[in-house]
Amino acid sequence: MSILIAMCGISLLAMISPGPDFLVVVKNSLKYSPRIGRFTALGIALGLMVHMTYCILGLGIVISRSILLLNVIKYLGAAYLICIGIMSFISKDEPLKIDATKEATMISPLQALKMGFLVNVLNPKATLAFVSLFSAFITPQTPLKIPLLFSGFTIVAAILWFSFIASIFTIQQVKLIFNKAKSRVDRTIGVVLVALGLKVVHV
């Protein structure tokens, strides 16, 4: 139980720290709608399922020791972050609609889900973080229920946390504040995403 609590605590702290997942949920919630943000959160959870699956199966060790696989993940992830960042930076300066019944439909829920999934699953830092976490706490003698419970906690926590972030933007006052600085926010998020992509390349 102490192992499970420690793993869950570390995972939760890493999750609430602003990173690519956080920024993409914020971007999609602001630019499109909280609903699209929640589908992005679901995509992130699906990405986490992939990380958890290969860690439980022991494939994480193989991935972490393969320079070729890590480089493929690293460069694909970096390219995707940079692409999203550029699109955010050059996006049109259109005001966010205050009426929740007139949500923007520029991307579909499936597209949002795919975006969240790809941002998470192609993040090499997430790969190394979970491999390190499993290597540090899980041994051949550890009951299978421990990694399974940890995986379930992490996935559910991600859905709840990022859905909460997306739901913040259902508040009209938040939307009004955002509309006053939309272009600056879009460009700031774009620059940060590009910077994260470039940082990944040089890791």
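The following exercises, with worked solutions, concern the predicted model shown above.

Residues are numbered from 1 along each chain as its sequence is written, and side-chain values use heavy atoms, with hydrogens and water left out. Because the model is predicted, local features need pLDDT of at least 70 and side-chain atom pairs count only at pLDDT 80 or more, whereas totals for chains, interfaces and linings use all residues.

**Exercise 1. Overall architecture**

Task: State how many helices and strands the protein chain has, and what percentage of its residues is buried.

Solution.
1. Helices (H or I, at least four residues) and strands (E, at least two) are DSSP runs, numbered from the N terminus.
2. The protein chain has 10 helices and zero strands, which gives the pattern α-α-α-α-α-α-α-α-α-α along the sequence.
3. A residue is buried under 20% relative accessible area, exposed over 50% and partly exposed in between (1.4 Å probe, protein chains only). Of the 203 residues in the protein chain, 43% are buried.
4. Accessible areas come from the Shrake-Rupley method with a 1.4 Å probe, and for residues only the protein chains shown count as cover. The protein chain exposes about 10,600 Å², of which carbon and sulfur atoms supply 73%.
5. A contact requires heavy atoms within 4.5 Å. Among contacts between residues at least 6 apart in sequence, 88% join residues at least 24 apart.

**Exercise 2. The largest nonpolar core**

Task: Identify the residues that touch the most other members of the largest nonpolar core, and the helix that gives the most to this core.

Solution.
1. A nonpolar core is a set of buried Ala, Val, Leu, Ile, Met, Phe, Trp, Tyr and Cys residues joined through side-chain atoms within 4.5 Å.
2. The largest such core has 35 residues, and F130, F150, F162 and L193 touch the most other members.
3. Two or more residues each come from α1, α2 (20-31), α3 (34-56), α5, α6 (109-121), α7 (124-137), α8 (145-167) and α10 (182-201).
4. The most is given by α8, with eight residues.
5. In general, nonpolar side chains tend to be buried together in soluble globular proteins.

**Exercise 3. Helix α8**

Task: Compare the span of α8 with its expected value, and name the helices against which its buried residues pack.

Solution.
1. The expected span of a helix is 1.5 Å times one less than its number of residues.
2. With 23 residues, α8 reaches 32 Å from its first C-alpha to its last, close to the expected 33 Å.
3. Buried residues of α8 include F150, T154, A158 and F162.
4. The buried residues of α8 pack against α1, α2, α3 and α7.
5. Leaving out residues up to four places away in sequence, F162 touches M15, D21, F22, V25, A41 and I44.

**Exercise 4. Two buried polar residues**

Task: Find the side-chain polar contact partners of S11 and N28.

Solution.
1. A polar contact is a pair of N or O atoms within 3.5 Å; within protein, one must be able to donate a hydrogen and the other to accept it, and residues adjacent in sequence count only if both atoms are side-chain atoms.
2. S11 is found in helix α1 (residues 2-16) and is buried, with a relative accessible area of 7%.
3. The side chains of S11 and T154 are joined by a polar contact of 3.3 Å. Beyond four places in sequence, S11 is in contact with F130, F150 and T154.
4. N28 lies in helix α2 and counts as buried, at 0% relative accessibility.
5. A polar contact of 2.9 Å joins the side chains of N28 and T40. Residues up to four places away aside, N28 touches S33, I36, T40, I107 and M115.

**Exercise 5. Two buried leucines**

Task: Determine which residues L23 touches and which residues L81 touches, not counting residues up to four places away in sequence.

Solution.
1. L23 is found in helix α2 and is buried, at 14% relative accessibility.
2. The contacts of L23 are with I189, V192, L193 and L196.
3. L81 belongs to helix α5 (residues 67-89) and is buried, with a relative accessible area of 6%.
4. The contacts of L81 are with P20, V119, L193, V194, L196 and G197.
5. L81 and G190 are 109 residues apart in sequence, yet 9.1 Å apart in space, C-alpha to C-alpha.
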